[in-house]
Amino acid sequence: MKLPIIFPMAFVGMTFLSCKPSNIQNQPLEKETDISQCMNKDIANIITTAKIIKTPNRHERLKLNGNVSYDQDQVYRFSPILDGVIQKVNFRLGDFVRKGQTLLEIRSAELNEMSANMREAQLHLKTAQRQLSATQNLYADGVASDREILEAQVAVSNAESEIQKINEVLYLYSGDIEKGVLTIKAKSDGYIVEKHVVEGQQVESSNDPLFILGNLSKVWVQANVYSGYIGRIKTGQSAAIETTAYPGKVFEGKINRISNVIDPRERVLKAIIELDNSSLLLKPEMMVTVDVYLDNRSDALAIPHESVVFDADAYHLIKYVSDCEMKIVEFVPIYEDNDFFYMASNQLRDGDEIVKTNSLLVYNKLIGK
């Protein structure tokens, strides 16, 4: 005689864990489905089981995704405020550059007139300085008057003012005129973290940067905080950051600040974690996972990742009693780490067996897929 297999759904509270949290308050607390068949031998032979582990008084953690960014408080963005053509580019993306190093040369029609004005102003200054020197000698001999001395001094001052005015415009352009072109130099030591320019490119005055120079000795990790998690994330909470580039390596940090404005594209708040990066292991735009250690602790049951089946917008595991008695348990994780989902349950206990490998195959068989 075949024993019936029943499928009660476990009640689990707390929060729903996924990339985007869902509202779980209206989920049914319990649901059962009867199936009257045993697992056939072929399936029974390829499944393995594992015991549920209880983890008492464990820090709850929240897993977020995010990315690495350069320290946006220590960057230099160059955006052109004149039209021209890029004559020379002296860097590549990722290059380390020194302060004062020439990065770009831009030829512009606007600079031709400015160059001519600069040369004329410098010539006027030299002439005025010679005239002032000669007038001062004549004044010492009693030949030149006070008025002539004053006029010579004003001429020098006017020429100097004209040169200063042109230099101020060049300062706004963030460069210097050399050989009739505008040269853009590095404002500090750093790495080229963004590059949007090539030789021969025509540029126009805009707010879009041609390149961004950043200091990678410290980086930001920007963790995405969805609306369902906003109340649980606070500044000062510890965080463990991992990336697939360095399997098994954990970067420890703390949440330094949380943005007050939701990112319009991703619809998330950004939690900023500042990390020392003197080893330069972390690169801008690397994708990371961030485990945030929450303030509260709880007793929880640890469920291996490979035991869990996600179907119909819900998490499921298969409680194993025998090949003819299994129960599909729907649950809501409190949190997760790299190895386990953690859940609270009034139906499962420490030591209960669950299907560990090929759980999806068993799940589909039980529900008739």
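Student: Where is N358 found, in terms of the loop and its two flanking elements?
Tutor: N358 sits in the loop that links strand 24 (353-357) with helix 4 (359-367). Helices and strands are DSSP runs numbered from the N terminus: a helix is H or I over at least four residues, a strand is E over at least two. This is a predicted model, where local features need pLDDT of at least 70, side-chain atom pairs count only at pLDDT 80 or more, and totals for chains, interfaces and linings use all residues. Residues are numbered from 1 along each chain as its sequence is written, and side-chain values use heavy atoms, with hydrogens and water left out.

Student: Why is N358 called partly exposed?
Tutor: The relative accessible area of N358 is 37%. Buried means under 20%, exposed means over 50%, and partly exposed is in between (1.4 Å probe, protein chains only). N358, at 37%, therefore counts as partly exposed.

Student: What is the sign of phi in N358?
Tutor: Phi is positive, near 60 degrees, and N358 is a residue other than glycine. That is worth a look, because most residues other than glycine have a negative phi.

Student: And what is phi for D313?
Tutor: D313 has a positive phi of about 60 degrees, and it is not a glycine either. D313 lies in the loop between strand 19 (309-311) and strand 20 (314-322).

Student: What makes D313 count as exposed?
Tutor: Its relative accessibility is 62%, and the cut-off for exposed is over 50%, so D313 counts as exposed.

Student: How do you know whether T135 is buried or exposed?
Tutor: T135, in helix 2 (residues 109-140), has a relative accessible area of 5%. The limit for buried is under 20%, so T135 is buried. Leaving aside neighbours within four places in sequence, T135 is in contact with A144, E148, I149 and A152, where contact means heavy atoms within 4.5 Å.

Student: What makes strand 15 a partner of strand 16?
Tutor: Two strands pair if DSSP finds at least two bridges between them. Strand 15 (residues 238-242) is joined to strand 16 (residues 251-258) by four bridges, so the two pair, and they run antiparallel. A240 stands opposite E252 of strand 16. Strand 15 also has four bridges to strand 18 (residues 287-304), again antiparallel, with I241 and V290 as bridge partners.

Student: Why is strand 15 called mostly covered?
Tutor: Four of its five residues are buried.

Student: What makes strand 5 and strand 7 edge strands?
Tutor: They belong to an open sheet of four strands, in the order 5-13-11-7 with antiparallel pairing. Strand 5 (75-78) and strand 7 (96-97) each pair on one side only. Strand 7 is joined to strand 11 (residues 190-195) by two bridges, and F96 stands opposite Y191 there. Two bridges satisfy "at least two", so strands 7 and 11 count as paired.

Student: How confident is the predictor, on average, in the protein chain?
Tutor: The mean pLDDT, a per-residue confidence from 0 to 100, is 82, and 87% of the residues score at least 70. Over residues 1-36, though, pLDDT is below 50. Among the elements, strand 1 (residues 5-6) has the lowest mean (37) and strand 16 the highest (95).
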